[in-house]
Amino acid sequence: MSGYDGDRGGRNDRSFGDERRSSAGRQRSAARSRGDRSATSQAPSERRKRTDQARTAAFDVMREVDESDAYANLVLPPLLRERRIRGRDAGFATELTYGTLRLRGRYDAILATCVDRPLSGLDGALLDVLRLGAHQLLGMRVPVHAAVSETVGLARNRVGAGPAQMVNAVLRRVSERPLDEWLSVLEKEAPDALSGLATTQSHPLWIARALREALAGNGRATDEIGDLLAADNAAPRVTLVARPGLTDVSDEYAWGDADLVAGRWAPTALRLEGSDPSGIPAIREGLAGVQDEGSQLVTLALAGVPLDGPDSRWLDLCAGPGGKAALLAALAAQRGARLVANEVAPHRARLVAKALAALPDGVVEEVRTGDGREVGAEEPGAYDRVLVDAPCTGLGALRRRPESRWRRTPSDLAALTSLQRELLASALDAVRPGGVVAYVTCSPHLAETQLVVTDVLKKRDDVERLDAPAAVRAVVRPPAGTADEIPLGERDDVQLWPHVHGTDAMHLTLLRKVV
């Protein structure tokens with residue numbers, strides 16, 4: 001054997017090792033054998049306190065979500081800009097943050113088998129570190145040694161040396177099995193199939209039950225529930241809307257060098273093959289916006305319903321934060337109509353005004369702050385088209401706001417459905433005879449969709465249901481009748497699904513005031 005390692009340049013003889021032994025016979029580090037004490041001047045609890053910016057950013061967002069009820073999609077982008085985290089590091093931080101939030105339930109179930117105490121007894125910051133480590137091990141292509149060592153460093157930096165030792169031990173237990181084995185363990189431990197799906201696909205059981213009931217209530221097979229829950233855990237593509245009359249999908253100047261492809265359904269939709277739309281000229285100038293394709297479809301459908309009589313005054317009753325209002329206003333401008341945008345929360349009304357800023361003068365009649373439940377009584381029969389994008393549980397957008405699944409509870413439904421009924425009743429009072437109301441929610445929950453409409457219509461004899469699937473088919477790309485015709489079921493309302501349409505789970509009911 002050669003006495004030299006040609007790759008490392010280190011000697012392989014006994015005397016070299018002896019030179020690095022202390023008088024007590026212990027092996028010295030290379031630094032100490034040279035008399036360089038700076039490398040070991042820190043106590044063990046202080047070592048590896050530095051961790052990379054991407055992981056630190058993900059942790060800080062997780063804490064904001066937990067401690068301040070913040071939304072990750074509102075906290076993470078400005079934090080990345082502030083800390084100048086770009087490129088691959090920004091992508092890593094984004095996937096680590098959103099992936100951990102989406103799959104928190106799965107990881108908590110796995111961690112519970114690796115921790116010798118109830119997770120509820122752990123400090124919140126420590127638990128978030130463990131979740132971030134679990135996602136790197138089981139949900140990302142991070143080597144085990146890097147996932148463990150970097151997460152331990154994060155724990156030392158943010159939680160302390162003692163908890164960091166626990167993180168090391170727990171994550172090594174997690175790493176002993178690949179994801180498919182862990183999922184098999186969780187499924188076997190579940191009391192029934194739906195509970196197993198809820199755990200492995202990281203949804204609260206009550207939400208999994210509600211979504212299964214919604215599938216059945218809309219004429220779909222309940223065995224689709226696994227695909228639906230999995231779709232909620234898939235990172236959604238960024239979808240843009242080209243606001244008609246302001247720009248279009250073929251305007252090269254408006255889109256710059258962004259990598260875009262046409263949306264699947266809406267003629268106004270473009271899918272961004274990337275994650276940051278802020279640099280696109282059309283976005284900066286308000287000619288376009290970020291808007292889910294399902295949201296675009298329900299808005300286009302309302303605007304496309306034929307009316308008898310005037311069609312000059314439209315209302316968005318719950319306009320914040322302004323995406324649907326901006327699309328409606330752009331469509332109204334092409335018809336010579338005006339839009340009134342009403343929003344109850346002042347800060348959201350300001351967002352609406354910002355979203356509408358690029359519209360031509362005279363198109364936006366007013367952006368007002370007011371209670372939508374009172375508009376019908378204050379302005380009876382004053383509008384030709386009314387959009388009620390009602391506040392809801394948001395169960396249709398869990399892939400975009402993953403933290404909301406852990407915040408919502410069944411008890412939220414009573415207050416929300418009462419509000420939804422009042423808003424729909426107000427909208428029906430505010431529309432003129434012959435006019436149209438669109439009732440929209442970003443939730444497929446039957447209590448927020450079909451039951452709300454049924455309950456409101458029980459008390460009225462001046463409203464008829466319209467064929468919402470026909471209205472949607474009239475505006476989709478490609479046109480109806482082709483092989484790719486949008487699947488909408490046999491009902492007179494529309495329920496979109498992430499696993500079927502690739503959109504948020506938007507609900508649409510169209511109602512006409514009887515003349």
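These notebook entries record what I looked up on cysteines and on one strand.

**Entry 1: model.** I worked from a predicted model.

**Entry 2: disulfides.** I looked for disulfides and found 0 in the structure. A disulfide is a covalent bond between the sulfur atoms of two cysteines. I then asked why Cys392 forms no such bond. The cysteine sulfur closest to that of Cys392 belongs to Cys442, at 5.7 Å, which is too far for a bond. The cut-off I applied is a sulfur pair within 2.5 Å. I repeated the search from Cys442 and was led back to Cys392, again at 5.7 Å and too far for a bond.

**Entry 3: burial of the two cysteines.** Are Cys392 and Cys442 buried or exposed? I noted a relative accessibility of 13% for Cys392, which therefore counts as buried. For Cys442 the relative accessible area is 16%, so this residue is buried as well. The limit for a buried residue is under 20%.

**Entry 4: strand β8.** I turned next to β8, which spans residues 383-389. I recorded 7 of its 7 residues as buried, so the strand is mostly covered.

**Entry 5: partners of β8.** Which strands pair with β8? I found β5, residues 313-316, paired with β8 in the parallel sense over 3 bridges. Within this pairing I noted Arg385 of β8 as the bridge partner of Trp314. I also found β9, residues 431-441, running parallel to β8 and joined to it by 6 bridges. Here I noted that Val386 has Val437 of β9 as its bridge partner.

Note on methods
Residues numbered from 1 in each chain as written. Predicted model: local features only at pLDDT ≥ 70, side-chain atom pairs only at ≥ 80, totals over all residues. Heavy atoms only, no water. Buried < 20%, exposed > 50% of the residue type's maximum accessible area, 1.4 Å probe, protein only. Helix = DSSP H or I, 4+ residues; strand = E, 2+ residues; numbered from the N terminus. Pairing = 2+ DSSP bridges.
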